[in-house]
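Work through the exercises below with the sequence and the structure at hand. Each task is followed by a solution in steps.

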Amino acid sequence: MVLAETNIRICSSVVIGCSFFKNAIYHLHSSTMKQTNNAIQFFFIVIVFVLISTISCSKTNSEAYREPQARSELLLGTSCRITIYDNPSQEAFDAAFARIADIEARMSLHSITSEIAEINRAAGIAPVAVSSDTFNVVQKALAIAKLSQGAFDPTVGPLVIAWDIGGDAPRRPSQTEIDALLPLIGYERVFLDEKSQTVALQDENMKLDLGGIAKGYAADEAAKVLTSFGIKSAIINLGGNVLTMGKKVDGSPWRIGIQNPFAERGGHVMIVNLDAQTLVTSGPYERYFEIDGIVYHHILNTTTGYPVQTDITSVSIIGDESFLADALSTAVYSLGLEKGMDLINSIDSVDAVFIDAKNQIYLSKNFANGSYTYSISDNKFSVVN
């Protein structure tokens, strides 16, 4: 109501301006030359006044709804896109992307200057003091590794480097090489000291890889930055790791699509309504390469050293914390439908959507019981439970 009243006050100035305009015309026809010159000056002043008043009225009407603004940058090895709906500003974008870049600089497996690189170089030699960011993420990663009994394991680094799937030179390591690397995998041999904030790897050549959790952590941190700028309505999409802030500006929930594993990016199987939650999907279609007619994807089995073999084509995790959803999506995909579903159903704060090779959709317990509103957007797929 206040907005409507403001519009009326501003627009009424146009009417007043028009009255002045009429008087100016009168003066132009009825005055002497000197008066006419004065009237001409007055005429142009009125024209400017009317134009300003009209623009103000138009601008006020448009401010009732702000157009969302989006920005994308290549970070964390993927396209990162932030869309702000309620109060976009260049400063907010700058700060959020700077936070993501800072996390990448600290946690990248492939940067020789990252803290993860320092930890890996010191494996079997000495603990390494790290930032609170890196310490917290390693701590969270180890907790999820324990929860999933190693299905998610941040010490998978030696295998990730050997396969290099998604990198510049993907390859299939020999069985001899894989056999030599498997003994280096083991989250139980990562030691943390909270007092000194250090991380130590027990054995030489062990390597941490936070690729399965860092994007989720970065999304959570970017959301905190946007919140500090007073932003309440936004979507953070870090290469498919989607985090929603608040609701849409009209108060309705976000409608987020779950990727069709067999279609190009953007094709979706179902739409889920979310409110200040995150959705993270893992599947073999994200990063892979082919040799001799065999497709090898990036989610590695830490027991066999090869890509996970399962009938599950994707797993989507929904929860309140993106770092947890990120790590669980990898863990649950590795565990498979039965064990993965058991794990998700044991955690109150998360839900999951599984899709298999037969186009069947399986929902976690709370999801199936109505925790989320959803719709199937591709009639080739159907919910079976």
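A contact here means heavy atoms within 4.5 Å. The model is a predicted one.

**Exercise 1. The chain as a whole**

Describe the chain by its secondary structure, its burial, its surface and the sequence range of its contacts.

Solution.
- Step 1. The secondary structure consists of 11 helices and 17 strands.
- Step 2. Of the 385 residues in the chain, 47% are buried.
- Step 3. The exposed area is about 19300 Å², and 53% of it comes from carbon and sulfur atoms.
- Step 4. Take the contacts between residues at least 6 apart in sequence: 60% of these join residues at least 24 apart.

**Exercise 2. Helices α3 and α5**

Determine how α3 and α5 are oriented to each other, and which residues form their contact.

Solution.
- Step 1. Locate the elements: α3 covers residues 90-107 and α5 covers residues 132-147.
- Step 2. Their axes lie 10 Å apart, and the packing angle is about 70 degrees.
- Step 3. Angles of 65 to 115 degrees count as roughly perpendicular, so α3 and α5 are roughly perpendicular to each other.
- Step 4. On the α3 side the contact involves Arg99, Asp102, Arg106 and Met107; on the α5 side, Asp133, Thr134 and Val137.
- Step 5. By class, the residues of this contact of α3 with α5 are 4 charged, 2 nonpolar and 1 polar.

**Exercise 3. Helices α9 and α10**

Carry out the analysis for α9 and α10.

Solution.
- Step 1. Helix α9 spans residues 322-335, and helix α10 spans residues 337-345.
- Step 2. The two axes come within 6 Å and cross at roughly 140 degrees.
- Step 3. That angle makes α9 oblique to α10; roughly antiparallel would require an angle over 145 degrees.
- Step 4. Leu328, Val332 and Leu335 of α9 meet Leu337, Lys339, Gly340, Leu343 and Ile344 of α10.
- Step 5. The contact of α9 with α10 has 6 nonpolar residues, 1 polar and 1 charged.

**Exercise 4. Glycine 283**

Is glycine 283 buried or exposed, and which residues does it touch?

Solution.
- Step 1. Glycine 283 sits in the loop between β10 (278-282) and β11 (288-291).
- Step 2. Its relative accessible area is 0%, so glycine 283 is buried.
- Step 3. Leaving out residues up to four places away in sequence, glycine 283 touches His298, Ile299, Thr313, Ser314 and Tyr333.
- Step 4. For threonine 313, 30 residues from glycine 283 in sequence, the C-alpha to C-alpha distance is 5.7 Å.

**Exercise 5. Threonine 198**

Place threonine 198 and list its surroundings.

Solution.
- Step 1. Threonine 198 belongs to strand β5, residues 198-201.
- Step 2. With a relative accessible area of 12%, threonine 198 is buried, the cut-off being under 20%.
- Step 3. Its side chain makes a polar contact with the side chain of serine 196, at 3.1 Å.
- Step 4. Beyond four places in sequence, threonine 198 touches Pro127, Val128, Ala129, Phe135, Phe191, Leu192 and Asp193.

**Exercise 6. Serine 371**

What does the side chain of serine 371 reach, and how does serine 371 count by accessibility?

Solution.
- Step 1. Serine 371 is part of helix α11, residues 365-371.
- Step 2. Its relative accessibility is 47%, so serine 371 counts as partly exposed.
- Step 3. The side chain of serine 371 reaches the backbone oxygen of asparagine 366 at 2.8 Å.
- Step 4. The C-alpha atoms of serine 371 and aspartate 351 are 8.9 Å apart, with their positions 20 residues apart along the chain.

Key
Residues are numbered from 1 along each chain as its sequence is written. This is a predicted model: local features need pLDDT of at least 70, side-chain atom pairs count only at pLDDT 80 or more; totals for chains, interfaces and linings use all residues. Side-chain values use heavy atoms; hydrogens and water are left out. Axes are lines fitted to C-alpha atoms, for helices over the stretch in contact, and angles run from 0 to 180 degrees between N-to-C directions. Helices (H or I, at least four residues) and strands (E, at least two) are DSSP runs, numbered from the N terminus. Angles under 35 degrees count as roughly parallel, over 145 as roughly antiparallel, 65 to 115 as roughly perpendicular and the rest as oblique. Ala, Val, Leu, Ile, Met, Phe, Trp, Tyr, Cys and Pro count as nonpolar, Asp, Glu, Lys and Arg as charged, and the others, Gly among them, as polar. Buried means under 20% relative accessible area, exposed over 50%, partly exposed in between (1.4 Å probe, protein chains only). Accessible areas come from the Shrake-Rupley method with a 1.4 Å probe; for residues, only the protein chains shown count as cover. A polar contact is a pair of N or O atoms within 3.5 Å; within protein, one must be able to donate a hydrogen and the other to accept it, and residues adjacent in sequence count only if both atoms are side-chain atoms.
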